[in-house]
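Visitor: Hi, I've just opened this one and don't know my way around yet. Could you walk me through it?
Guide: Sure, let's get it on screen.

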Amino acid sequence: MKKYFVFFLLSGAAIAQAQQLAPLTVQKIMRDPKWMGTSPSNYRWSADSKTVFFSWNPENKEKDQPYKVSVLTNKPEPTEDNAAEKAAETNYAYNKDKSLGLSEKGGDIYFYNFKTKKESRLTNTVERENGARFLYNNDVVFQRGDNMFQLNMATNELKQLTNFVKGKRPGPGAPGSTPGSTAPSVQDTWLRNEQTDLFDIIKKRNKQGPRGGFNGGGPRRAFGGADASQRVMKPVYLDDKFLSAIVVSPDGKYVSYRLTTPTTNHNTIVPNYVTASGYTEDIPGRTKVGENLNVSETFIYNTDKDSVYTIKTAQIPGIKDLPDYVKDYPKELEERTKKNEDRKVSLSAPIWNETGSTAVIVADAQDNKDLWILKLDAATGSVSIIDRQRDEAWIGGPGIGRGIQWIDNNRFYFQSEATGYSHLYTFNVATGEKKQLTSGKWEVQRVDLSKDKTTFYITANKEHPGITHFYKLSVNGGDLVQLTSMKGGNEITMSPDEKWIAINYSYMDKPWELYIQPNKPGAKAVQITKSTSAEFDSYKWRQPDLVSFKNRYGADVYARVYPATNPHPNKPAVVFVHGAGYLQNVHYWWSQYFREYMFNNLLADNGYTVIDIDYTASSGYGRDHRTGIYRNMGGKDLTDQVDGVKMLVEKYGVNPKHVGLYGGSYGGFITLMGMFKEPEVFSAGAALRSVTDWAHYNHGYTANILNEPFNDPKAYKRSSPIYYADKLKGDLVMLHGMVDVNVHFQDIVRLSQRLIELGKDNWELAVYPVEDHGFVEPSSWTDEYKRIFKLFESTLKK
């Protein structure tokens with residue numbers, strides 16, 4: 001019997017078609033992301049503005065490789081490892097007419113004369129010199145160690161301006177020697193009481209007697225300020241304080257500096273079980289919300305008067321104003337009103353104009369309700385108001401409190417959410433005129449001032465909340481001129497001569513690629529890289545429907561919808577909830593949640609309609625959207641998910657009895673709240689790396705939204721899933737990394753104990769022993785999403 005062997009030679013298109021027929025699986029999409037191709041990153045221009053250097057990996061090597069592309073050829077090619085550094089523009093600090101420059105190399109200061117094109121070395125020491133810049137008279141100031149020095153370029157005289165000395169002042173009775181209390185902090189006491197209220201096991205063991213002492217933190221020490229009678233060249237002892245933000249005024253008359261008193265807090269630990277040693281090892285962790293915050297004081301040294309004094313924060317308008325939420329606690333309101341204390345503030349370093357005639361400082365209230373821009377009278381330390389932003393929720397938004405820069409000797413620019421959206425303003429200190437340069441229901445997300453200080457370059461979402469473009473605007477105001485034209489996400493790196501822009505561009509179904517374009521309106525952007533693999537390209541990735549709907553409060557909410565290819569007879573739906581709270585995921589560019597984007601495609605292939613909502617608190621939509629969850633997380637952010645499901649029922653025909661949801665971090669938190677508070681809407685949920693009790697998260701994020709647990713316990717109990725666990729009805733899968741240093745594994749353990757005590761039996765917990773908050777191992781990603789897919793398949797398709 002003869003045997004015949006037939007060989008088929010498939011074309012690339014045929015291979016792609018064959019791959020297209022292969023269905024998506026969790027194993028495929030959760031592999032090492034290199035299978036998709038690797039996008040370029042880390043863009044840097046050469047000093048002559050002719051070449052862009054970047055990192056890329058088109059050959060799928062072990063790590064990214066250095067590449068370059070000339071604006072003359074637009075052809076990317078490999079280059080040597082240090083090519084970008086060799087070709088980069090030196091980061092000079094210029095004098096007023098930009099004829100001279102200062103740079104730091106290897107911890108020493110170098111001087112460059114642009115007229116003679118000669119470089120000379122100003123320092124050659126073991127200690128590092130840094131922060132070198134010119135005064136208005138062309139003298140040079142720099143920092144060496146903790147102290148500032150001034151070099152007269154005409155006489156070469158080196159003058160020491162400050163004499164800070166670490167440690168305590170010698171002799172008895174030195175400031176800072178008074179010991180503090182070792183009693184638990186008010187926050188630790190609050191947490192201890194919460195544990196007892198929540199868990200039966202704690203009540204039981206408390207009745208049996210103490211099982212070890214309670215350590216509420218180490219000793220605290222109080223320190224006095226600097227001695228204002230000291231001459232600056234006499235030692236200024238720092239005690240145990242941290243020295244920072246040393247700034248010399250452009251005329252050399254004033255030296256400002258900040259001293260910060262450290263505080264003692266009860267830090268957490270994260271046990272690591274899978275270790276090389278075979279022993280459980282502790283990872284030092286963060287503090288929890290309600291920690292004792294560092295207290296700083298800013299001083300000014302007047303070189304003419306040889307005196308030191310503090311900036312007078314008591315003069316700040318509204319420094320005693322209490323937040324509105326205190327009205328919910330009459331006893332606390334009475335006590336705080338009686339004390340009439342100044343609120344604690346953090347001050348920026350002075351921001352001086354070119355001549356040194358005027359400085360402004362930014363003051364942030366530690367309770368997050370106020371931000372002031374103040375004019376500083378450096379001769380006295382007095383301040384006067386220029387602008388105040390107050391929000392009974394919290395001050396925030398893109399660019400707020402950051403990036404203040406002088407345009408000329410009289411005008412500086414800043415951003416404010418006074419209109420409800422972050423917009424650009426200028427202020428003239430000579431005339432007192434505040435001028436708004438941009439306006440509308442959109443956000444200025446980034447601002448850069450051109451080198452000649454005539455033009456603002458702005459990244460904004462003016463066209464649509466989910467589209468970013470690059471614009472230019474005269475510093476005097478006028479029309480906003482759009483420079484980019486591709487719909488999607490445009491991230492800009494400008495050339496040193498400001499004639500070219502490198503664009504990191506992506507669309508919903510197309511990962512990031514490098515484009516180059518002349519920096520002028522109407523110019524064409526040329527694509528430089530093509531990074532996606534043939535396997536990735538073989539699947540027709542969806543461009544989800546980008547829709548909006550009105551929530552129950554009448555606000556516009558944006559969403560991505562992935563309609564089912566062939567809806568299952570049950571017409572099931574899945575809600576994906578993005579993380580971070582304030583993050584934006586409903587947009588026209590490639591999502592940072594690329595795994596979830598692919599998983600949502602898989603779900604749609606398997607008969608599910610999927611929705612991804614930029615719920616209340618997501619970024620990109622202005623102040624009211626951002627702060628809509630104040631004192632009530634799991635409020636509007638959760639009802640937006642419910643309203644989104646209602647929209648799916650009405651417009652996409654899904655069955656309201658077969659709806660699940662999943663998400664990680666903040667998305668895991670919303671998943672828990674959905675399963676506990678809206679059990680009639682969500683019948684199945686997968687909660688990844690979830691916050692279960694906000695009193696156990698960090699201070700910087702949580703205190704903005706919920707204040708502090710011991711000051712506003714109602715907000716925490718209203719906002720934490722652990723208090724609603726008794727209402728669980730549907731099927732819940734929880735998944736958490738055991739070495740998560742962000743949302744600690746303790747969070748999910750505490751909720752598990754609560755569910756055990758409540759007698760709930762329709763929940764599961766999957767743990768990942770080697771994973772932090774963001775998973776790394778493909779095996780962990782695969783296991784996690786196999787469980788999520790199994791949950792939906794076994795419940796929503798019943």
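Guide: What follows is a chat about side-chain pairs, some loops and a few backbone angles.

Visitor: Before we start, what kind of model is this?
Guide: This is a predicted model.

Visitor: Okay. How many aromatic pairs does the structure hold?
Guide: There are 48 of them. Take Tyr92 and Phe114: their ring centres are 5.2 Å apart and the planes stand at 75°, so this pair counts as edge-to-face.

Visitor: Where do Tyr92 and Phe114 lie?
Guide: Both are in loops. Tyr92 lies between α3 (83–87) and β5 (93–94), and Phe114 between β7 (108–113) and β8 (118–121), so the pair ties together parts that are 22 residues apart in sequence.

Visitor: And is Tyr92 buried or exposed?
Guide: Tyr92 is buried, at 16% relative accessible area. Its partner Phe114 is partly exposed, with 29%.

Visitor: Got a stacked pair for me?
Guide: Try Phe142 and Phe149, which are stacked with 5.9 Å from centre to centre and 15° between the planes. Phe142 is buried, with a relative accessible area of 3%, and Phe149 is buried too, at 10%.

Visitor: Which rings link up into a cluster?
Guide: Ring pairs join Phe576, Tyr593, Phe599, Tyr608, Tyr662, Tyr768, Phe775, Trp781, Tyr785 and Phe792 into a cluster.

Visitor: Which charged end sits over the ring of Trp35?
Guide: That's Arg31, whose charged end is 4.6 Å from the centre of the Trp35 ring. Lys98 has its charged end over the ring of Tyr94, 5.4 Å from the centre.

Visitor: Let's switch to salt bridges. What does the count come to?
Guide: The count comes to 39 salt bridges. In one of them, the side chains of Lys451 and Glu89 meet at 3.2 Å, N to O.

Visitor: How many residues apart in sequence are the parts that this pair ties together?
Guide: They are 362 residues apart, because Lys451 lies in the loop between β32 (444–449) and β33 (455–464) while Glu89 lies in the loop between α3 and β5. Lys451 is partly exposed, with 42% relative accessible area, and Glu89 is partly exposed as well, at 38%.

Visitor: What about Asp370 and Arg343, how far apart are they in the salt bridge, N to O?
Guide: Their side chains meet at 2.8 Å. Asp370 belongs to strand β26 (residues 370–377) and Arg343 to the loop between α6 and β23 (345–347), so to speak two distant parts of the chain, 27 residues apart. Asp370 and Arg343 are both buried.

Visitor: One more pair, please.
Guide: Asp408 and Arg411 form a salt bridge at 3.0 Å, N to O. Asp408 is partly exposed, at 31% relative accessible area, whereas Arg411 counts as buried at 19%.

Visitor: Which residues do shared partners join into one network?
Guide: Asp321, Arg343, Asp367, Asp370, Arg388, Arg390 and Glu392 are joined by salt bridges that share partners.

Visitor: New topic: how many residues of helix α6 are buried?
Guide: One of its ten, with the helix running over residues 330–339, so α6 is hardly covered. Right after α6 comes Asn340, which has a positive phi near 55°.

Visitor: Why would a positive phi be worth a mention?
Guide: Because most residues other than glycine have a negative phi.

Visitor: Where else does that turn up?
Guide: Asp239 has a positive phi near 55°. Asp239 is in the loop between β16 (236–237) and β17 (242–248), and it counts as buried at 9% relative accessibility. Arg631 has a positive phi of about 65°. Arg631 is in the loop between α9 (623–626) and α10 (636–652) and is buried, at 11%.

Visitor: What does Pro398 touch, leaving out residues up to four places away in sequence?
Guide: Pro398 touches Gln415, Ser422, Glu443, Val444 and Gln445. Pro398 itself is in the loop between β27 (382–390) and β28 (405–406). Glu417 is 19 residues away from Pro398 in sequence, with 8.9 Å between their C-alpha atoms.

Visitor: Last one: which residues form a nonpolar patch on the surface?
Guide: Tyr273, Val274 and Val770 do, with about 280 Å² of accessible area together. Of these, Val274 is in the loop between β19 (269–272) and β20 (281–284).

Definitions and conventions. Residues are numbered from 1 along each chain as its sequence is written. This is a predicted model: local features need pLDDT of at least 70, side-chain atom pairs count only at pLDDT 80 or more; totals for chains, interfaces and linings use all residues. Side-chain values use heavy atoms; hydrogens and water are left out. Patches are made of residues with over 30% relative accessible area and no salt bridge: like charges are joined within 9 Å, nonpolar side chains (Val, Leu, Ile, Met, Phe, Trp, Tyr) within 5 Å. Accessible areas come from the Shrake-Rupley method with a 1.4 Å probe; for residues, only the protein chains shown count as cover. A salt bridge is a side-chain nitrogen of Lys or Arg within 4 Å of a carboxyl oxygen of Asp or Glu. Helices (H or I, at least four residues) and strands (E, at least two) are DSSP runs, numbered from the N terminus. Rings of Phe, Tyr and Trp (its six-membered ring) pair if their centres lie within 6.5 Å; planes under 30 degrees apart count as stacked, over 60 as edge-to-face and the rest as tilted. Buried means under 20% relative accessible area, exposed over 50%, partly exposed in between (1.4 Å probe, protein chains only). A charge sits over a ring if NZ of Lys or CZ of Arg is within 6 Å of the ring centre and within 35 degrees of the ring normal. Contact means heavy atoms within 4.5 Å.
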